[in-house]
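Biologist: Please take me through this model and justify each term as it is applied.

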Amino acid sequence: MHKQGIGGFKYYVGIDSLAQIARREDRVCVLNILGGESSDVTPVGHAYSGGNVVFGTSPGRSGQVLETPLGDIPVYNDVR
């Protein structure tokens, strides 16, 4: 069964609000940030939070960035 997302967030993730995932004060790393869903969802979450995504990972794609309305998010090969 497909459930509708919330607001401008088109994916249903079993929550009622993005605030249940992270607070604006949290710092976030997004794994596989350049993947299909992550590259769609991350700019929305990043804008909602006021810019709490500090970096993302994508193996073999270090040095690239994910462009968002609040600025580019740097991409590294791994969390380490």
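Modeller: Confidence in the protein is lowest in helix α1 (residues 36-49), with a mean of 89, and highest in strand β4 (residues 73-76), at 98. The scale is pLDDT, the predictor's confidence in each residue, from 0 to 100. The protein averages 84, and 81% of the residues score at least 70. This is a predicted model, in which local features need pLDDT of at least 70 and side-chain atom pairs count only at pLDDT 80 or more, while totals for chains, interfaces and linings use all residues. Residues are numbered from 1 along each chain as its sequence is written, and side-chain values use heavy atoms, with hydrogens and water left out.

Biologist: What makes a stretch a helix or a strand, and in what order do the elements of the protein run?

Modeller: Both are DSSP runs, numbered from the N terminus: helices are H or I over at least four residues, and strands are E over at least two. The protein has one helix and four strands, in the order β-α-β-β-β from the N terminus on.

Biologist: How do you know which strands pair, and what is the strand order in the sheet?

Modeller: Two strands pair if DSSP finds at least two bridges between them. Three bridges join β1 and β2 in the parallel sense, with V30 opposite G56 in β2. β2 and β4 are also parallel, with two bridges; here G56 has V75 in β4 as its bridge partner. β3 and β4 run antiparallel, again with two bridges, and L66 is partnered by I73 in β4. The result is an open sheet of four strands in the order β1-β2-β4-β3, with mixed pairing.

Biologist: Why are β1 and β3 placed at the edges?

Modeller: β1 (28-30) and β3 (65-66) each have a single partner strand, so one side of each is left without a neighbour in the sheet. β3 also forms a hairpin with β4, with six residues between them. In that turn, G71 has a positive phi of about 125°.

Biologist: Why is the pair of F55 and Y76 called edge-to-face?

Modeller: A pair of aromatic rings is described by the distance of the centres and the angle of the planes. Rings of Phe, Tyr and Trp (its six-membered ring) pair if their centres lie within 6.5 Å; planes under 30 degrees apart count as stacked, over 60 as edge-to-face and the rest as tilted. By this rule the count comes to one aromatic pair. The centres of F55 and Y76 are 5.6 Å apart and the planes stand at 75°, so the pair is edge-to-face. It links distant parts of the chain, F55 in strand β2 (residues 53-57) and Y76 in strand β4, 21 residues apart.

Biologist: Are F55 and Y76 buried or partly exposed?

Modeller: Buried means under 20% relative accessible area, exposed over 50%, and partly exposed in between (1.4 Å probe, protein chains only). F55, at 19%, is therefore buried, whereas Y76, at 41%, counts as partly exposed. Along β4 the side chains alternate: I73 and V75 point to one face and are buried, while P74 and Y76 point to the other and are not.

Biologist: What makes H46 buried, and which residues does H46 contact?

Modeller: H46 lies in helix α1. Its relative accessible area is 5%, so H46 is buried. Contact means heavy atoms within 4.5 Å. Leaving aside neighbours within four places in sequence, the contacts of H46 include V53, L70, G71 and I73.
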